[in-house]
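Let's take a friendly look around this protein. We'll start with its cysteines and then move on to a pair of helices.

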Amino acid sequence: MTPWLTIVGIGEDGFAGLGKTARRALLGAAHIVGAERQLALLPRCVAGARATWPSPFGLAPVLARRGTPTCVLASGDPMFYGVGASLARELPAGELRVLPAPSSLSLAAARLGWALQDCTCVSLVARPLAALNRHLYPGARLLVLSNDADSPAQVAALLRERGFGPSRLSVLEHLGGAEERRIDGLADDWQLPPGAALNLLAVDCRSDAAMQPLPPTVGLPDEAYRHDGQLTKRDVRAVTLARLAPLPGELLWDVGAGCGSIGIEWLRAHAQCRAIAVEADEGRQAHIRHNRDALGVPHLQLVAGSAPQALGGLPAPDAVFIGGGVTVPGVLEDCWAALKPGGRLIANAVTLQSEARLIDWHARHGGELLRLHIAHARPLGSFDTWRQALPITLLAVRKPIEAAADA
């Protein structure tokens, strides 16, 4: 199949910076779609009819011309946070070809002398600033796609708040063009006015001496969470996440989420993980909102309501964690029915009544039962002794591939 659609990555150097194949595609296109700024980079000899993207953004102007030689202009590499990836999801691979230019990330790494494979790339374009929190570690090098001219100052303020004031910042504007500019400074004393709306921010993360960074592993300190006591404690949380075993792209239901710790650490395991926290208590919902932002996973979806009623209509999960409410009629049954074949269900119990439910479920569906006893050394007069926390019963069961939809 001969591709009718060519997606051309174009840089700040415009038409002159394109290769021969990209130039020929543009010269032969009947229609050219792109942002107004990108279309303005084309010379008059490119005669195809030009159209800008609609607002709100949509792919209809391109898809409506299916079969007609058409070019789409994109910034840099169209397959990196670009329209190329969106079009590739809509069209067969044989109908389009992609001609990338150096991405802004490649250009930034070249200017800074940073090895691109050692950098963490984060986009703030139409995304919450809180997403940056997940990537803040001493020694990390971040390449941040800014949302607008205010992004550098907002990132600097966030770094100061999180104990990363000594971090070195570099704002790179109009990379690859005649107006390219670089501005350097420290987050601690960043007071520069907004510059160009089109910019990339490089962050060389350095922390305050007294700051204890959070690790990227499961089992974060309990102090990392705002909660009212409804928190799966650190050691139990680590065991629970090990049984849940998050994989990229999988969806977790965190039912009776409390302060959201299980869903949050599931999401921190990989950028492509997804999670829904179901919680009925308004105060705990507020804790979830705070914790998901503070720990860098603002995309945690919060469903306000009680299970099992609140579970209706939710997308089928790959894994379910029930931290509370296993004795509520229908909770276990509805979670099990919704769980994808081969998915994992993990439930924790503290009371005798909830433990009895898990034992009964284990008798009917198999799986693994664990009893967790955690003790901490505590003072006793001039000596120390072990203080036993309440034992936790944990059920871990995998739904058979051939399981029926009902329990």
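## Cysteines that stay single

How far is the sulfur of cysteine 273 from the closest cysteine sulfur? Keep in mind that this is a predicted model. In it, the closest cysteine sulfur to that of cysteine 273 sits in cysteine 259, 19 Å away, which is too far for a bond. A disulfide would need the two sulfur atoms to be within 2.5 Å. Cysteine 273 is also tucked away: its relative accessibility is 1%, so it counts as buried.

Cysteine 71 tells a similar story. Its sulfur has the one in cysteine 45 as its closest cysteine sulfur, but the 13 Å between them is too far for a bond. With 1% relative accessibility, cysteine 71 counts as buried too. As for the whole structure, the disulfide count is 0.

## Two helices that meet

Now for the helices. Helix α10 covers residues 331–338, helix α11 covers residues 352–365, and the two pack together with 12 Å between their axes. The angle between them is about 40 degrees, which means α10 lies oblique to α11. Their crossing is right-handed.

Which residues of α10 and α11 meet? On the α10 side they are Leu332, Glu333 and Trp336. From α11 come Arg357, Leu358, Trp361 and His365. Sorted by class, this contact has 4 nonpolar residues, 2 charged ones and 1 polar one.

Note on methods: Residues numbered from 1 in each chain as written. Predicted model: local features only at pLDDT ≥ 70, side-chain atom pairs only at ≥ 80, totals over all residues. Heavy atoms only, no water. Buried < 20%, exposed > 50% of the residue type's maximum accessible area, 1.4 Å probe, protein only. Axes fitted to C-alpha atoms, helices over the stretch in contact; angles between N-to-C directions. Helix = DSSP H or I, 4+ residues; strand = E, 2+ residues; numbered from the N terminus. Parallel < 35°, antiparallel > 145°, perpendicular 65-115°, else oblique. Left-handed = near helix turned anticlockwise from the far one by under 90°. Contact = heavy atoms within 4.5 Å. Nonpolar A, V, L, I, M, F, W, Y, C, P; charged D, E, K, R; others polar.
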